[in-house]
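User: Please take a close look at one part of this model, the nonpolar core. I would like a connected account of what builds it and how the helices there pack.

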Amino acid sequence: MTIQPLPVPTKIYGGEGLISYATRHATRNGTSVEEIERALTHSGAILMPRRRQSPEREQAWRELGALHHSAFSTPQEFHGVEVTDRPLCRRCTNGTRGTGRLPRMGWVCIRHRRWFGTPQHNIHALPELAAAERHYRRVLVPRGALVGSPIMDMARECAIVGIGQGVRSHRARRAGISDPDLLAYPETVKVARLITSPAFNTRMLQPGLDPSRRHEEALRVMASLFSEDEDNESWRAAHRIAAIFNSIAREIGKRASTELPQSTETSDTRLATAWTTRGK
Ligand SMILES: [Zn+2]
């Protein structure tokens, strides 16, 4: 049976999820998701499954909203990494609250120069954040370093402990914002690019490398990464990087001693496996 669209149309936003859209669409039509779904079930139009997210429910809401068949089709996984559901940019949604999956975006809406973490902020005064976002999309997304992934969490922690007071307060003053994640976003992206770089991983994970050499290498690269920032504490970030790579190296060593060597495995696959292991 075909379901008629609700009288008041509701635009769907890029990446928006079913629950978010259904809630907004029902509200705009002066009713609730539950009422609409109950009515559909009573009329026999559809047998609503209990699960909130299901193909039947998605199809019903596509018809209720007269939406394109590609609506609600953003994958839940991208490059083998879970895509988190998060608030959309409030400028993109004309001020309404919506959530969705945006696997190709970091934390900045470049179009609106807006930080869309929680809370959201106007970042016109911080062009370095939009520049970092471009690097994020071009380099980190293809490497599977998605928002909410262990790699990005690790990079953010390193950036926050390594960034100097001078750079942080200068940004905070320019934008009138004190959110530490936002202020350290350029460094977060830099650290994430480094720790996902195949060359750096090859150096840090070469077989038999002594942990002290690994630590020296981490100190060297972190000092250069934060070099423009005179009072930086790059050694703090280096400690964390060395610790995580020591842990990955131990994991690889353990596997090598229990499994047959996998000569066809590329360094990228090995890295991804190691990081996935680390994230669990
Ligand atoms: Zn936007």
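Analyst: This is a predicted model. First, the setting. The protein has twelve helices and seven strands. Its C-alpha atoms fill a box of roughly 70 × 55 × 25 Å along the principal axes. Of its 280 residues, 35% count as buried. Among contacts with a separation of 6 or more, 66% link residues 24 or more positions apart.

Now the core. The largest nonpolar core has 61 residues. Those with the most contacts inside it are A155, V191, A192, M222 and I241. Helix 11, residues 234-258, gives the most to this core, with seven residues. Domain 1 (1-52 + 63-73) and domain 2 (127-279) both supply residues, so the core lies between them.

V191 is a good place to zoom in. Setting aside neighbours within four places in sequence, V191 is in contact with A155, C158, A159, L225 and A237.

Next, the helix pair. Helix 5 covers residues 150-162, and helix 8 covers residues 185-195. Their axes come within 8 Å and cross at roughly 125°. That angle falls outside the 65 to 115 range for roughly perpendicular and is not over 145, the bound for roughly antiparallel. Helix 5 and helix 8 are therefore oblique to each other. The crossing is right-handed. Helix 5 makes the contact through I151, M152, A155, R156, C158, A159 and G162. Helix 8 answers with E187, T188, V191, A192 and I195. A155, V191 and A192 thus appear in this helix contact and also among the core residues with the most contacts inside it.

Definitions and conventions:
Residues numbered from 1 in each chain as written. Predicted model: local features only at pLDDT ≥ 70, side-chain atom pairs only at ≥ 80, totals over all residues. Core = buried A, V, L, I, M, F, W, Y, C linked by C-beta atoms within 7 Å. Buried ≥ 20, exposed ≤ 12 C-beta atoms within 10 Å, placed from the backbone. Helix = DSSP H or I, 4+ residues; strand = E, 2+ residues; numbered from the N terminus. Domains from an automatic or database assignment. Contact = placed C-beta atoms within 7 Å. Axes fitted to C-alpha atoms, helices over the stretch in contact; angles between N-to-C directions. Parallel < 35°, antiparallel > 145°, perpendicular 65-115°, else oblique. Left-handed = near helix turned anticlockwise from the far one by under 90°.
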